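Here is a quick tour for anyone meeting this structure for the first time. Have a look at it, then read on for a few spots to pick out.

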Amino acid sequence: MTIFKEIVDEEFLTVSETKELLADIEAERAMDENRELRYELARAIEHANRFTVLEPAESQALVDDLRDIEKVDEPTAYKIANLLPRDRDELRSVYAQQRYSLSGDELDEILNVIAQYV
């Protein structure tokens, strides 16, 4: 007999939003003396703390601004907001698996939006 897990809901999050959620979980676990942090959870919290640059509201505003650009879809906008690429090469690596490539002007437009927040 095989037990299948079903995806009920899916939501994209930025690293800063994830950090906020993990901080709530960490505080909840700290209240209960008998529950300790599992290794995976501790590593996730450490990762979120290390790589969070923007506040959750700023990162969501960045995603919204990126979504206004024609060639940026939702998953790519969240990926860009999490990585915050600083030059064309870093941004091209985000689009490496896409079926299309961006022109220099399109790359610069995205980088200008990112520069407003960093």
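## Charged pairs and a buried serine

Start in helix α2 (residues 39-51), home to both glutamate 46 and arginine 43, which sit three residues apart, or about one turn of the helix. Keep in mind that this is a predicted model. The side chains of these two residues, glutamate 46 and arginine 43, meet in a salt bridge. Glutamate 46 also forms a salt bridge with arginine 50, and about one helical turn separates those two because they are four residues apart in helix α2. Put together, Arg43, Glu46 and Arg50 make up a network of salt bridges.

How many salt bridges does the whole structure have? A search finds five, and here are some of them:

| Salt bridge | Closest N to O distance |
|---|---|
| Glutamate 46 and arginine 43 | 3.6 Å |
| Glutamate 46 and arginine 50 | 3.2 Å |
| Aspartate 108 and arginine 88 | 2.6 Å |

Aspartate 108 forms its salt bridge with arginine 88. Aspartate 108 belongs to helix α6 (residues 104-117) and arginine 88 to helix α5 (residues 88-94), so this pair ties together parts 20 residues apart in sequence.

As for exposure, arginine 50 is exposed at 56% relative accessible area, while glutamate 46 is partly exposed at 34%.

Now hop over to serine 16, in helix α1 (residues 15-31). Is serine 16 buried or exposed? With 5% relative accessibility, serine 16 counts as buried, because buried means under 20%. Its side chain makes polar contacts with the side chains of threonine 14 at 3.2 Å and serine 59 at 2.8 Å. Beyond its neighbours within four places in sequence, serine 16 touches residues including Leu54 and Pro56.

How values were computed. Residues numbered from 1 in each chain as written. Predicted model: local features only at pLDDT ≥ 70, side-chain atom pairs only at ≥ 80, totals over all residues. Heavy atoms only, no water. Buried < 20%, exposed > 50% of the residue type's maximum accessible area, 1.4 Å probe, protein only. Polar contact = N/O pair within 3.5 Å; in protein donor to acceptor, adjacent residues only side chain to side chain. Contact = heavy atoms within 4.5 Å. Salt bridge = Lys/Arg side-chain N within 4 Å of Asp/Glu carboxyl O.
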